[in-house]
Structures are given as structure tokens and as C-alpha cells.
Amino acid sequence: GGNAGEHNSWSFSSDVCKHCEQAGCLEACPTGSIVRTEFGGVFIQPDVCNGCGYCVTACPFGVVERNEKDGRAFKCTFCYDRQKVGLQPACAKACPTESIKFGEIEDLRREAQSRVEELHRRGMGDATIYDPLDTSVEGTHAFFIVRGDPRTYNLPPAPEVPTVYLKKSWRSSAIAAGLLLGGTLVAFLSDGARHDGRAR
Ligand code: SF4
Ligand code: SF4
């Protein structure tokens, strides 16, 4: 049956790192271990990681894991070592059906759009591109064609970078601090006015 609309079909999910445009793991890492590479990927430098685990909870996709022996974080590297020498990631190279494609992101987005249109023509009207451009993640560098609810593939419908909420709460704290300072000044001024009143 494969993906033919009238037959039962297989669904495959991938828990690979999405190499987010705004990466929660990178934002949360206090040591600078997680960096954006020149190829657009998000890379954990194992020699800098201290094993704190902040990135594990900051990833909206549950991608990062920690080494059981030394606690250091690890995930897909987007085959940084291969890309450095002009090779494509091993998964894209090895996939026999070319289900995994690698290339310039805008070319791939266009290709994905054509593929979705083709699937719609073939009766699979629920096919969509999973690439959360309209959330604080602002899109991913590894995106997927899915059918129906993305949660079936363990993909959150609206992933968010957790530090977005931190920034909001910092802004609220700053406003609260400003108000507190204002309140203190008023208190001092009123107190001063009372003293002035007594002195006269
Ligand atoms: S999917 Fe998770 S681990 Fe990968 S870049 Fe995004 S936040 Fe980081
Ligand atoms: S576990 Fe390592 S990579 Fe993750 S946040 Fe801590 S130092 Fe950074």
C-alpha cells in the first residue's frame, strides 16, 4: 500500500535534531558548548559541555540526551565533520529511497511544497510540511512531510523556545522594579513633605 491513498499506509517518524532557527538548547546552554555552525546546524562541543542538562529540558522536541557515563549532552551533529569536507550527512547519503534529502534550505522548501501538492493530487489531502515557522522556533533546518496531526509523529503542533517565556518574565520584573522604584520615590517625597510641614 505504501502511501497510496486507498490503501493502508506506513508512517515513519524521526526524532532527529531539527536544527532550529531559534534553538532552545543553544539559548539555554550556560557554557557556550552549543554553537551554530557555518552550515546552519546546531552543534554540541563535547569538550566544553559540563553535563548540566539545561539543554535537555530546553529542547521543545525532546531531542537531547545525556551520556550515562559522564553526563555530557549529545544529539545529531548534522554530520558536521562530513559537511566540513564537502560530504552530505550520512543519513541522506545512506537512505535507499531518497526519503531524506539534503541541500540548500530554500530549494528543499520548494521541493517539499511540490511534493505536498503531488500528494494532494493523489488523494492525500492531509499531507503538510511540518516546519514551525510561525512559532518562536521560527522554522527548522530539518523539516518533514507529515500526514494529519503532527503529534502522531511525536512532533508538537506549536513548539516554543522556553527562553521566550523567560524574556517575558524579565520584562515583567523590569516593569515591576520600575513601579517599585516609583513607589519608593513617592514615599520619600511624601515623607519629606511631612518633615517640611513639621519644620515650618
Ligand atoms: S531540536 Fe532541540 S536539540 Fe535540536 S536545535 Fe532544536 S532545540 Fe536544539
Ligand atoms: S549539558 Fe552541556 S550542552 Fe547541555 S546545556 Fe549543559 S553545558 Fe550546555
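Reader: What pattern does the chain follow when read along the sequence?

Author: Keep in mind that this is a predicted model. Its secondary structure comes to 6 helices and 6 strands. Going along the sequence, these elements appear in the order α-β-β-α-β-β-α-α-α-β-β-α.

Reader: What share of the chain's residues count as buried?

Author: The cut-off here is a relative accessible area under 20%. The chain has 200 residues, and the share that counts as buried is 30%.

Reader: And how much of the exposed area do carbon and sulfur atoms supply?

Author: In total, the chain exposes about 13000 Å². Of that area, the part supplied by carbon and sulfur atoms is 55%.

Reader: Among contacts between residues at least 6 apart in sequence, how many join residues at least 24 apart?

Author: A contact needs heavy atoms within 4.5 Å. Taking the chain's contacts between residues at least 6 apart, the portion joining residues at least 24 apart is 47%.

Reader: Let's move to the ligands. Which residues are closest to ligand 1?

Author: Ligand 1 is surrounded by 13 residues. By class, that shell holds 9 nonpolar, 2 polar and 2 charged residues. The closest ones are Cys17, Lys18, Cys20, Cys25 and Cys59.

Reader: How many charged residues does the shell around ligand 2 have?

Author: There are 14 residues around ligand 2, and Cys29, Cys49, Cys52, Gly53 and Cys55 come nearest. Sorted by class, the shell divides into 9 nonpolar and 5 polar residues, and the number of charged ones is none: no charged residues.

Reader: Where is glycine 32, and is it buried, exposed or partly exposed?

Author: Glycine 32 sits in the loop between helix H1 (24-28) and strand E1 (34-36). Its relative accessibility is 40%. Buried would need under 20% and exposed over 50%, so at 40% glycine 32 counts as partly exposed.

Reader: What separates the C-alpha atoms of glycine 32 and cysteine 49?

Author: Beyond its neighbours within four places in sequence, glycine 32 is in contact with Gln45 and Val48. Cysteine 49 is 17 residues from glycine 32 along the chain, and their C-alpha atoms are separated by 8.0 Å.

Reader: Now the largest pocket: which element gives the most to its lining?

Author: The largest pocket has a volume of about 1600 Å³. Of the 44 residues that line it, Ser99, Ile100, Lys101, Phe143 and Phe144 are the closest to its centre. Helix H4 (90-94), helix H5 (105-121) and strand E6 (144-147) each supply at least two lining residues. The one that gives the most, with 6 residues, is H5.

Reader: How many residues in that pocket lining are nonpolar?

Author: The lining of the largest pocket mixes classes, with 13 polar and 6 charged residues. The nonpolar count there is 25.

Reader: Phenylalanine 78 has a positive phi although it is not a glycine; is this residue buried or exposed?

Author: Phi of phenylalanine 78 is about 60°. The residue is found in the loop between strand E4 (73-74) and helix H3 (80-84). Its relative accessible area is 15%, so phenylalanine 78 is buried.

Reader: Glutamate 98 has a positive phi too; is glutamate 98 buried or exposed?

Author: For glutamate 98, phi is near 55°, and the residue lies in the loop between H4 and H5. Exposed means over 50% relative accessible area. Glutamate 98 has 52%, so it is exposed.

Technical notes
Residues numbered from 1 in each chain as written. Chains lettered and ligands numbered in written order. Predicted model: local features only at pLDDT ≥ 70, side-chain atom pairs only at ≥ 80, totals over all residues. Heavy atoms only, no water. Near = heavy atom within 4 Å. Nonpolar A, V, L, I, M, F, W, Y, C, P; charged D, E, K, R; others polar. 1 Å grid on protein atoms, 1.4 Å probe; cavity = no way out; pocket = protein on both sides within 12 Å on 5 of 7 lines; lining within 4 Å. Points joined across faces, edges and corners; volume = space filled by probe spheres on them. Helix = DSSP H or I, 4+ residues; strand = E, 2+ residues; numbered from the N terminus. Buried < 20%, exposed > 50% of the residue type's maximum accessible area, 1.4 Å probe, protein only. Areas by Shrake-Rupley, 256 points an atom, 1.4 Å probe, with all protein chains shown as cover.
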